[in-house]
Amino acid sequence: SASRHANRVMKGDRMRVLVAEDEEVSQRVLERTLSAWGYEVLVSSDGAEAWEVMQSEKPPELAILDWMMPEVDGLKLCRKIRASSELMSMYILLLTAKDGREDIIRGLDAGADDYVRKPINSEELRARVRVGERVVELQKQRIERETMRYARELESTVAELQRSRRRIVDVQEEGRQA
């Protein structure tokens with residue numbers, strides 16, 4: 001929600017959003033708009049450059065990919081992301097002038113989570129980016145819960161192993177004394 005987003009920004013924990021768009025005017029508009037909304041924006045002009053950005057130590061959590069780009073187009077990039085174990089949970093918005101039902105299905109089947117039609121309506125973009133942010137936050141929370149659960153199970157197993165070891169040592173001591 002807006003308050004969670006505000007809390008993230010206040011903590012300096014801005015969500016990283018990659019904009020992969022070869023059309024310079026659209027690229028600048030997206031960059032300025034997303035920055036004004038409090039996101040840390042990374043920009044690339046083609047799919048190959050976008051893929052390089054995603055290989056960084058701290059990849060973006062959400063990507064807005066233009067369908068029609070030089071080098072690697074948005075669909076190919078979606079497939080590469082979904083095939084990568086490190087990036088498969090990235091939220092992907094496909095940016096496209098294509099609006100036919102078949103095109104939308106192709107985009108979603110390639111791995112996009114959602115799409116935004118050109119020309120971009122800023123309120124629609126904001127709503128779709130917020131959905132992506134919610135999904136990313138829910139995934140992080142789930143991973144944190146699972147990590148905590150595994151840590152508790154591991155602590156319990158270690159404690160049980162330590163008790164078993166003490167019992168073995170005690171039995172060995174009794175055997176030596178007998």
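Which residues line the largest pocket? In this predicted model, the lining consists of P59, P60, E61, E86, L87, S89, M90, V136, Q139, K140, I143 and E144. The space in this pocket comes to about 240 Å³. Sorted by class, six of the lining residues are nonpolar, two are polar and four are charged. The pocket is best placed against the overall architecture, which is described next.

The protein contains six helices and five strands. Read from the N terminus, the elements follow the order α-β-α-β-α-β-α-β-α-β-α. The C-alpha trace spans about 85 × 35 × 30 Å along the principal axes. The radius of gyration is 23 Å, whereas a compact globule of 178 residues would have a value near 16 Å. Of the 178 residues, 35% count as buried.

Strand 1, residues 16–20, offers a starting point for the sheet. Five of its five residues are buried, so strand 1 is largely enclosed by the rest of the structure. In a regular strand, side chains alternate between the two faces of the sheet. Here R16, L18 and A20 point one way, while V17 and V19 point the other way, and all of them are buried.

Strand 1 has two pairing partners to consider. With strand 2 (residues 40–44) it pairs in the parallel sense over five bridges, and R16 has E40 of strand 2 as its bridge partner. Strand 1 and strand 2 also form a right-handed β-α-β unit together with helix 2, residues 24–36. Strand 1 is further joined to strand 3 (residues 62–66) by four bridges, and these two strands likewise run parallel. In this pairing, L18 stands opposite A63 of strand 3.

From strand 3 the path leads on to strand 4, residues 91–96. Five bridges connect strand 3 and strand 4 in a parallel arrangement, with L65 opposite L94. Helix 4 (residues 74–83) completes a right-handed β-α-β unit with strand 3 and strand 4.

Why is strand 4 described as largely enclosed by the rest of the structure? Six of its six residues are buried, so the surrounding structure largely encloses the strand. Y91, L93 and L95 point to one side of strand 4 and I92, L94 and T96 to the other, with all of them buried.

Strand 4 is also joined to strand 5 (residues 114–117), through four bridges and again in parallel. T96 finds its bridge partner in R117 of strand 5. Helix 5, residues 101–109, makes a right-handed β-α-β unit with strand 4 and strand 5.

The region of strand 4 and helix 5 leads to the question of internal space. Rolling a probe the size of a water molecule over the atoms shows where empty space is left. The structure holds one cavity of 30 Å³ or more, and the largest cavity contains about 40 Å³ of space. Its lining is made up of W67, L94, T96, D103, I104, G107, L108 and Y115.

Which element gives the most to this lining? Helix 5 does, with four residues, and strand 4 and helix 5 each supply at least two. By class, the cavity lining divides into five nonpolar residues, two polar residues and one charged residue. Two of the lining residues, L94 and T96, have already appeared in the strand pairings: L94 stands opposite L65, and T96 is bridged to R117.

How values were computed
Residues are numbered from 1 along each chain as its sequence is written. This is a predicted model: local features need pLDDT of at least 70, side-chain atom pairs count only at pLDDT 80 or more; totals for chains, interfaces and linings use all residues. Side-chain values use heavy atoms; hydrogens and water are left out. On a 1 Å grid over the protein atoms alone, a cavity is a set of points where a 1.4 Å probe fits but cannot get out, and a pocket is an open set with protein on both sides within 12 Å along at least five of seven lines; lining residues have an atom within 4 Å of a point. Grid points are joined across faces, edges and corners, and a volume is the space filled by probe spheres set on the points. Ala, Val, Leu, Ile, Met, Phe, Trp, Tyr, Cys and Pro count as nonpolar, Asp, Glu, Lys and Arg as charged, and the others, Gly among them, as polar. Buried means under 20% relative accessible area, exposed over 50%, partly exposed in between (1.4 Å probe, protein chains only). Two strands pair if DSSP finds at least two bridges between them. A crossover is right-handed if, with the strands pointing away from the viewer, the path from the first strand over the helix to the second runs clockwise. The radius of gyration is taken over C-alpha atoms; the globule rule is 2.2 Å times the number of residues to the power 0.38.
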